[in-house]
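Could you walk me through this structure in my viewer? I would like to know what to select at each stop and what I will find there.

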There are 6 protein chains.
Amino acid sequence: MEMTQKIAIGKLAMLVATLTDEELEIFSEQLKDVEYCQGKSGSMSMQKVISAVETSAKRNHLISDKLYRETHALYHAILEALEGVMRGQIVAGDMMRTVGLRFAIVRGSPYEEFDEGEWLAVAFYGTIGAPVKGLEHEAFGLGINHIG
Amino acid sequence: MEMTQKIAIGKLAMLVATLTDEELEIFSEQLKDVEYCQGKSGSMSMQKVISAVETSAKRNHLISDKLYRETHALYHAILEALEGVMRGQIVAGDMMRTVGLRFAIVRGSPYEEFDEGEWLAVAFYGTIGAPVKGLEHEAFGLGINHIG
Amino acid sequence: MEMTQKIAIGKLAMLVATLTDEELEIFSEQLKDVEYCQGKSGSMSMQKVISAVETSAKRNHLISDKLYRETHALYHAILEALEGVMRGQIVAGDMMRTVGLRFAIVRGSPYEEFDEGEWLAVAFYGTIGAPVKGLEHEAFGLGINHIG
Amino acid sequence: MEMTQKIAIGKLAMLVATLTDEELEIFSEQLKDVEYCQGKSGSMSMQKVISAVETSAKRNHLISDKLYRETHALYHAILEALEGVMRGQIVAGDMMRTVGLRFAIVRGSPYEEFDEGEWLAVAFYGTIGAPVKGLEHEAFGLGINHIG
Amino acid sequence: MEMTQKIAIGKLAMLVATLTDEELEIFSEQLKDVEYCQGKSGSMSMQKVISAVETSAKRNHLISDKLYRETHALYHAILEALEGVMRGQIVAGDMMRTVGLRFAIVRGSPYEEFDEGEWLAVAFYGTIGAPVKGLEHEAFGLGINHIG
Amino acid sequence: MEMTQKIAIGKLAMLVATLTDEELEIFSEQLKDVEYCQGKSGSMSMQKVISAVETSAKRNHLISDKLYRETHALYHAILEALEGVMRGQIVAGDMMRTVGLRFAIVRGSPYEEFDEGEWLAVAFYGTIGAPVKGLEHEAFGLGINHIG
Ligand SMILES: [Mg+2]
Ligand SMILES: [Mg+2]
Ligand SMILES: [Mg+2]
Ligand SMILES: [Mg+2]
Ligand SMILES: [Mg+2]
Ligand SMILES: [Mg+2]
């Protein structure tokens, strides 16, 4: 499938969220074209997951902590990514199930045209399951938004 | 993040759906532990996307075409993966927006315990956007289910 | 579980939609306290399912065909019942999967207090599955609304 | 409506969840073909409802407490059933509304073909409403999944 | 767009929830045809928002506090309005984001036909955003239901 | 409720979508601070509604027809607004119900801080109902997004 984008920020976000450091090494060349960071959240509260991503994005200067505009762009990218993680499941209160998520945030200019500007990709990868270690399976989520 | 699973079928499905043939080469050793296939669907109808995955899974003997049980397992894995692709968006009728999706189906035994048996992972990766080429961004979805 | 309602219109709707004529015979005494009708829809289009229920309700004088108010009450009861049938699944265009649904509409006064007036229950029972006969499983949905 | 299944595990689950002991007596012959249990949950927290069903299923040996695979099958059947109970309503935190639910879990072999194996049905029946006794109406949910 | 309704209770609810007292003055003539009240909720818990509207409706005699029927009609109008406020976003536990909502409840007879009776409109208007003042944007929701 | 925004683009969009020309006159001063346009869509297909808004936005130069970025911002604002119009209802294929919607698009700089830049508001107002004229009630939706 040909991508009309010159840089696939979503694919890069997924790789950063998923691969071991050693595996990620292979894609180091592609990663030079974007800014990115990664983090972890083992919380069972979705609000804490959202906070962890926002904090990480600001601390790593992927978004400005002075502009609501950038927090807004990130927030909706996170929400879209969480749809993939939750897959339409009813969620209520704290989730009780174990959640172990690694996340990646990638900021870059995916399109050839200069004016398309910068976009954000947020990826989650991890496990969700019963509150007993090992009783869980993988989950993924990807969200994309324009920013900047 | 330590995985309590010995084989990450979801991660492998993501890589098969997302990477170029050349990039996938690097993971060929890990892919020996599972059965998998891949395909494409450029349809704008979600039902045709579902059909394309089911047909591909049966043609490549990833699921039995004799057992509803296995079609049922695959169908719910596809639905979960499509939640990630659609990200909670309202969908009505044919989608009009361009959809270009590559999919991967992986079947394997992710857990150490023999009795946990086989599981399926379905991944979609591609673009969704306005009906003008280039006016689209990446989307991804992963679904996991027990089977066999 | 004690019901604070004197007549369980939802339970009756479930029984009418689900039981064979012979089995339903046993509940004939309870059914004397309400008005009800039943019907079938084998359509794969959700709009045709909705129409079939509305038509049946009007033809059997369970709701007035002169008042939008009563059509409105029925419509939302149908929508709630369809949530149970679809179980949060993404639906797009015609559903392609086989759908064979029996429905029941019950109108009655469930509460002791006279002023609580009449309420509607709509129940669906049937199968949804792959477009091959036999490759499907049961589905059920119940919706309740105030009316009249 | 002819059922291509020899045993309607969903219908049986609904009857077990709904009928009085006396009414259920009539279906005792049909219930011999399946394994089943029932329970109650008066909690207003959805997570506690899920836990109550899982605990009941394991205590009554309807699913193995040793295999994640079986907990996974049950969990998704519960989630599907809860969609019918909640009917698409926004849920946030503890629900505050009264919830009084009776549930039934049925495990059996619905299909003629031996290889289709065992399936699970989870049914909920009860009331949801304002936090004042009597201010509530009936709700139902049914979920079905392959298992074993 | 011609309205086949003689009184647009939804539009009036929107105006009451949205306009300043001074701006609302202009519509005072139209507001004479309906009963209405307004209130505020700054809570971050959706259940507290729902409670605030119900309490206000009963205190201002817009619905009877003796009839579940009327609470039921209001409850579903509130839920519909909250869909507009939340816009399909995943909600879990307390929302953490700042929520400042003004609400309006309007009760009236929108249709020419006497028998169409009374209907309710519930409108929310306010802001939702990051937990820092100023980092938020507007949100709106309207729900309509038959009552009385 | 104090708004920390200097211009309430969402409120203006709702007023433009809802008020008669005469009523809107009153707000002409406030409307000088933003760019806006309005339109109508009587289609029963959601995709045609989306197209109508996008076409109107481009024809009236509210968004650039050269930048995907701006179409993307508008598209998500439309989707959010449609959530309010549909209120969580299951939608499948063409909706069959009558839909008569007026829409407004407002572009402006809501925040005091210059760097927060431009934002879009999309509002829908109209009726949705049974396919008989008069059998319908009002519906509203508002979506907001950053742009430019
Ligand atoms: Mg997008
Ligand atoms: Mg699962
Ligand atoms: Mg209700
Ligand atoms: Mg199923
Ligand atoms: Mg309605
Ligand atoms: Mg927003």
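Here is a short tour, one selection at a time. Keep in mind throughout that this is a predicted model.

**Stop 1: chain A as a whole**

Begin by selecting chain A and colouring by secondary structure, which shows five helices and four strands. Following the sequence from its start, you will meet them in the order α-α-α-β-α-α-β-β-β. The radius of gyration of chain A is 15 Å, close to the 15 Å that the globule rule gives for 148 residues, so chain A is as compact as a globular protein of that length. Turn the C-alpha trace about and you will find that it spans about 50 × 35 × 30 Å along its principal axes. Of the 148 residues in chain A, 68% are buried. Now consider contacts in chain A with a separation of 6 or more: 66% of them come from residues 24 or more positions apart.

**Stop 2: the magnesium ion, ligand 4**

Next, select ligand 4 and show the side chains around it. Which protein residues act as donors to this magnesium ion? They are His72(B), His76(B) and His137(C), each through NE2, at 2.1 to 2.2 Å from the ion. The donors thus come from chains B and C. Now display helix H5 of chain B, residues 68-86: His72(B) and His76(B) both sit in this helix, four residues apart, or about one turn. Both His72(B) and His76(B) are buried.

**Stop 3: Glu138(E)**

Move to chain E and pick strand S4, residues 136-146, where you will find Glu138(E). Is this residue buried or exposed? Glu138(E) is buried, yet it has no salt bridge. If you look for the nearest side chain of opposite charge, you will arrive at Lys11(F), 7.7 Å away. What you can draw instead are two short distances. One is a polar contact of 2.5 Å between the side chains of Glu138(E) and Tyr125(E). The other is the 2.7 Å between a polar atom of the Glu138(E) side chain and the backbone nitrogen of Gly10(F).

**Stop 4: Arg87 in chains D and F**

Finish with Arg87(D), in the loop between helix H5 (68-86) and strand S2 (98-108) of chain D. Its phi is near 55°, a positive value in a residue other than glycine. Arg87(D) has a relative accessible area of 6%, so it counts as buried. Then jump to Arg87(F), in the loop between helix H5 (68-86) and strand S2 (98-108) of chain F. There phi is near 50°, again positive in a non-glycine residue. Arg87(F) is buried too, at 6% relative accessibility.

Notes
Residues are numbered from 1 along each chain as its sequence is written. Chains are lettered from A and ligands numbered from 1 in the order in which they are written. This is a predicted model: local features need pLDDT of at least 70, side-chain atom pairs count only at pLDDT 80 or more; totals for chains, interfaces and linings use all residues. Side-chain values use heavy atoms; hydrogens and water are left out. Donors are N, O and S atoms within 2.8 Å of the metal (3.2 Å for Na, K and Ca); water is not among the atoms, so sites may look incomplete. Helices (H or I, at least four residues) and strands (E, at least two) are DSSP runs, numbered from the N terminus. Buried means under 20% relative accessible area, exposed over 50%, partly exposed in between (1.4 Å probe, protein chains only). Lys and Arg count as positive and Asp and Glu as negative; His and the chain ends are not counted. A salt bridge is a side-chain nitrogen of Lys or Arg within 4 Å of a carboxyl oxygen of Asp or Glu. A polar contact is a pair of N or O atoms within 3.5 Å; within protein, one must be able to donate a hydrogen and the other to accept it, and residues adjacent in sequence count only if both atoms are side-chain atoms. The radius of gyration is taken over C-alpha atoms; the globule rule is 2.2 Å times the number of residues to the power 0.38. Contact means heavy atoms within 4.5 Å.
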